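Thank you all for coming; I would like to take a few minutes to walk through some local features of one protein model. Please have the sequence and the coordinates open while I talk.

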Amino acid sequence: MKPIHNIEVIPFLPPVLEPLRELAFNLRWSWEHEIIKLFARLDDALWESCGHNPALMLGLISQERLHHRANDAGFISQLQRVYQKHQEYMRNENTWYKRQFKPSGETIAYFSAEFGLSEALPIYSGGLGILAGDHIKAASELGLPLVGVGIVYQEGYFRQYLTQDGWQQERYPMNDFYNLPLIQVKEKDGSPVVISVDFPGRKVYAQVWQVQVGRVPLYLLDTNISLNSQQQDQDITDALYHGDSELRMKQEIILGVGGIKALNALGIHPTVCHMNEGHSAFLGLERIRMLTRDHKIPFAQAKEVAAAGQVFTTHTAVPAGIDKFSVELIDRYWGPYYPEVGISQEEFLALGRGNNQDPNEPFSMALLAINLSSKRNAVSKIHGDVSRKLFKDAWPQVPVNEIPISHITNGIHARSWISGEICELYERYLGPQWYEDVTNERVWKRVEEIPDEELWRIHEHRRQRLVSFCRNRFRNQLEEQGAHPAELKEALEILDPSILTIGFARRVATYKRANLLLRDPERLAALLNNKDYPIQLVFAGKAHPEDNPGKELVRQIVRFSRQKDIRRRFVFLEDYDMNVARWMVGGVDVWLNTPRRFLEASGTSGMKVAFNGGLNLSILDGWWDEAYESDAGWAIGKGEVYDDSQYQDEVESGALYDLLEKELIPGFYDRDQEGLPRAWINRMKTSMRKLCPVFNIERMVQEYAFNMYVPAGARSKDFLANGAERANKLVDWQNKVHHLWSQLQIDAVESSNNRVIKVGDDLIVRAWIKLGDLTPDDVSVQIYHGLIDTDGDITDGEVLPMQVTDEKKGALTLFSGTIKYFKSGRHGYTIRILPHNGDLSSPFDSKLILWAKEPISVTA
């Protein structure tokens, strides 16, 4: 039965408790332990049963309980103290960003398809969302002028449960937005803020919700409103990463186009837009449309202005991870856009294609983001190498190591992931404000001052609490499956709080190889059941609903863990989420990570373990490839990659067993007379001291500010100023260079030596260039040199600029440069010409490059 009128009922709080409302609706509580303690003290059992959701808690708590706390002097004193600190935090003007950059009204808009802020707001699926959530938390801590933009999903991401056979099933509980820590954004007259987006033959409407994350507002779009007369339109924002290609197209239009429209409706005009993955890349098209419509700027110039202020971060390591749409789908949803901005279908498709001559090539959201951004980055050093290879076709003839994709390694927001005990430990020994200087190595050197006994006692307590958590959660799992009472009793006896505990938790995909440790079941069983030096395993993870190979991996692991001689030492926890993750990273001794090399973009769970005092045991991939040091953790293998994946698994599983048997297990159980594993504790401290000041989100966001946001913001303002004068000049120059490029010729190359020189000598290289109607200022003539491999190619080439000389020979101009040789071997060099203009974001973005026909070899 439909209601005739809707009424929003909000919790009633006694006036003295009213600050609880503001605290509940600011996600700062998700990392501020004092606020968490406050809500737990209000009603501990309700705090847990509400899934750590204070908004829901305030709606369910009894008035009797509220009145009791309102008359509790101790509670009121704690509330006033916490609330005062919160107000001081919110009003603080002396932030890192303001001290560094003296802001002048800029705004950074951070777009992501998912945000992992808290288990109480289930609009995330995994690492991408967790990283996005930590990113905006750090933006709040550092004082960046940043807003977030995303989607609030009615069903969120699926909840996982297992059958008795271990097969993953999914359920999609509905999110009740009115009992989540978010607020409907309203106009001055009290009506909801609603935006519209053009879809084929109709408009689709979305309302806007706001989540306050410290100082940062996060705006979330929702199409489940009555203004959308078609059910399919109301369902667009139902679920994350669920549905066919067309639904993904609709969601990404809502995120990108709708997100920009929502910001405009709120009076927010971002200087910089950060696309966290390609899902939001349509925002660039909307910004171009606004520039052509509102500023009367032609498409080419509008593209330059929009791209100037756009940043793209790729988290993808394989082509299959990129959203791609058919030409038919693009035409259906974007066909009216072509004439609106004055371009052809071919010009539009070129924005999302590597080869526009292939009529069957789909439209790539990653390539769209690349082509509509001035700054691009991967999320670890090794992922930078992978990304440059993955997207090399977007820059034809450019050496892979020069592809203009940099890297900023991911980090974590420490206080969101460390236990309260560890936080208090850091406050005692690192200083009460350690988190404000978390990137300072000198702060982390104080870890050495922590007494071994105290660190180990806290760590053992965390392991004990993890075991208790696993027992209760596993019992609940079995109860849901209809287990026998004897099994329920046995569930409360699994695991041992005193033995070496290894954790593994992440999305279950085949390349992550969750079953690598199970490759030799008998050898693993011997480790689990060793009478003197046993180990135990805590696993968790979800497979995508449509990933049957991933689901089969889950079943394989669950079946093994339920074997009679295994089940007391191995547990698989259902429904992995942020709460489970916190318990695991805070309580394990060792964190296991076993991806196929080059397929893990970064990973951050191991960073969380390090902040909690745990140790990493991982393949050299993602962040661990640059973080690993032998005294701070363990590496499985040495980075070898074999063509035969089965052989790779055999080699690396063997290396994993060897490490466990010969190093980890003996090291953990090597105790002194006081019962302390001194060498193990020393490794814990070394890990914390070396990893924590580097692999944190504050360092990461600072790098984004220095290397991405501030340069892109300045470029954006400059390109839009004076009627887009600089953009106009750049486009005119590009048109000239493209028109005249065919006139360029590398006529002859000369050197000061006939092929053999000594180490330490210089080689002067001269090139006669036919410029045609271009000028020397229009081009950059360069020497590209390096060692020559067995295939005759220059490897890891270096670039040296050549200077124009006064010498001419008819239509030819002489350029000259010098190579200095510091090592012997077979070297080579060649000459290339690139366009040169100070306003290009990269000289390679023009897609123009001219190489000499043959490289020249030199023996030193």
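I will go through a hairpin, a sheet, a helix and finally the cysteines.

Before anything else, please keep in mind that this is a predicted model, and that the values I quote are computed from it.

Let me begin with strand 3, which covers residues 159-162 and whose side chains alternate. Gln160 and Leu162 point to one face and are buried, while Arg159 and Tyr161 point to the other face and are not buried. That agrees with the general rule that in a regular strand the side chains alternate between the two faces of the sheet. Strand 3 is joined by four bridges to strand 4, residues 168-171, and the two run antiparallel; within this pairing, Tyr161 stands opposite Gln169 of strand 4. Five residues lie between the strands of this hairpin, and there Gly166 takes a positive phi near 95°.

Next, please move along to an open sheet of four strands, in the order 21-22-26-25, where the pairing is antiparallel. Its edge strands are strand 21, residues 745-751, and strand 25, residues 803-809, each of which pairs on one side only. On average, and with direction ignored, neighbouring strands of this sheet are turned by 30° against each other. If we look at one pair in particular, strand 21 and strand 22, the latter being residues 762-770, are connected in the antiparallel sense over six bridges, and Val749 stands opposite Ala767 in strand 22.

Now to helix 25, residues 578-587: how many of its ten residues are buried? The count is nine, so the helix is mostly covered. Among the buried residues are Met578, Val580, Trp583, Met584 and Val585, and both Gly586 and Gly587 belong with them. At the start of helix 25, a side-chain oxygen of Asp577 comes to within 3.1 Å of the backbone nitrogen of Asn579, and Asn579 is itself one of the buried residues.

Finally, the cysteines: how many disulfides does a search of the whole structure find? The search finds zero. Why does Cys423 form no such bond? The closest cysteine sulfur, in Cys692, is 13 Å from the sulfur of Cys423, and this is too far for a bond, given that a disulfide requires the two sulfur atoms to be within 2.5 Å. Cys423 counts as buried because its relative accessibility is 5%, and Cys470, at 0% relative accessibility, likewise counts as buried.

Notes. Residues numbered from 1 in each chain as written. Predicted model: local features only at pLDDT ≥ 70, side-chain atom pairs only at ≥ 80, totals over all residues. Heavy atoms only, no water. Buried < 20%, exposed > 50% of the residue type's maximum accessible area, 1.4 Å probe, protein only. Pairing = 2+ DSSP bridges. Axes fitted to C-alpha atoms, helices over the stretch in contact; angles between N-to-C directions. Polar contact = N/O pair within 3.5 Å; in protein donor to acceptor, adjacent residues only side chain to side chain.
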